[in-house]
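Here's a quick briefing to read alongside the sequence and the coordinates. Have a look at the fold first, then at one residue with a backbone angle worth checking.

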Amino acid sequence: MIATMPSPTATVVAFFETLTPATLPALASVYSDDARFVDPFNDVTGQRAIRAVFDHMFATLDEPRFEVLEAVTAGDQCFLVWNFHFRRRGRDAAGSIHGASHLRFATDGRVTLHRDYWDAAQQVYESAPLLGAVMRWLRRRLSAG
């Protein structure tokens, strides 16, 4: 009987849905040595820099958790649609961000490019006390409706 190896997409989804500070060492088996990670706040290259992004997430948020809603794979890339649930340190209110990730895989199945797409203006800036009022006004001003 030939054992089947999990697809790179399944490996990434499992990694993110079970991500905790204790599972961060598995990052080396998911990302290539020179992988690039891009989101609205970061543009970093290399496992150490990517690890620092996730270390920062765990240091500044309580109970961060990814929920992958959809995954589409085509050749050496995939697109994930997800919700990110969290609480800001010292606050009781829960927050969430809806977004998507475009991933490219190396021949060994590890991620070489991870680019997140989500609306930082609406999902982060608008919740800031002073900046939020300005961002909500600007959104209303620029809206077609």
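For burial, "buried" means under 20% relative accessible area, "exposed" means over 50%, and "partly exposed" is in between (1.4 Å probe, protein chains only). This is a predicted model, so to speak of local features takes pLDDT of at least 70 and side-chain atom pairs count only at pLDDT 80 or more, while totals for chains, interfaces and linings use all residues. Residues are numbered from 1 along each chain as its sequence is written, and side-chain values use heavy atoms, with hydrogens and water left out.

**The sheet**
- Six strands (DSSP E runs of at least two residues, numbered from the N terminus) form an open sheet in the order β2-β1-β6-β5-β4-β3, with mixed pairing.
- At the edges sit β2 (43-45) and β3 (61-74), each pairing on one side only; pairing takes at least two DSSP bridges between two strands.
- From one strand to the next, the twist averages 20 degrees.
- β3 runs antiparallel to β4 (residues 77-88), with 11 bridges.
- Glu67 has Asn83 in β4 as its bridge partner.

**Helices on the sheet**
- Helices are DSSP H or I runs of at least four residues, and contact means heavy atoms within 4.5 Å.
- Angles run from 0 to 180 degrees between N-to-C directions, with axes fitted to C-alpha atoms, for helices over the stretch in contact.
- Helix α3 (residues 47-60) packs on the sheet, touching β1, β2, β3 and β4, and its direction makes about 55 degrees with that of β1.

**Glu63**
- Glu63 is found in strand β3, and its phi is near 55 degrees, a positive value in a residue other than glycine.
- Most residues other than glycine have a negative phi.
- Glu63 counts as exposed because its relative accessibility is 58%.
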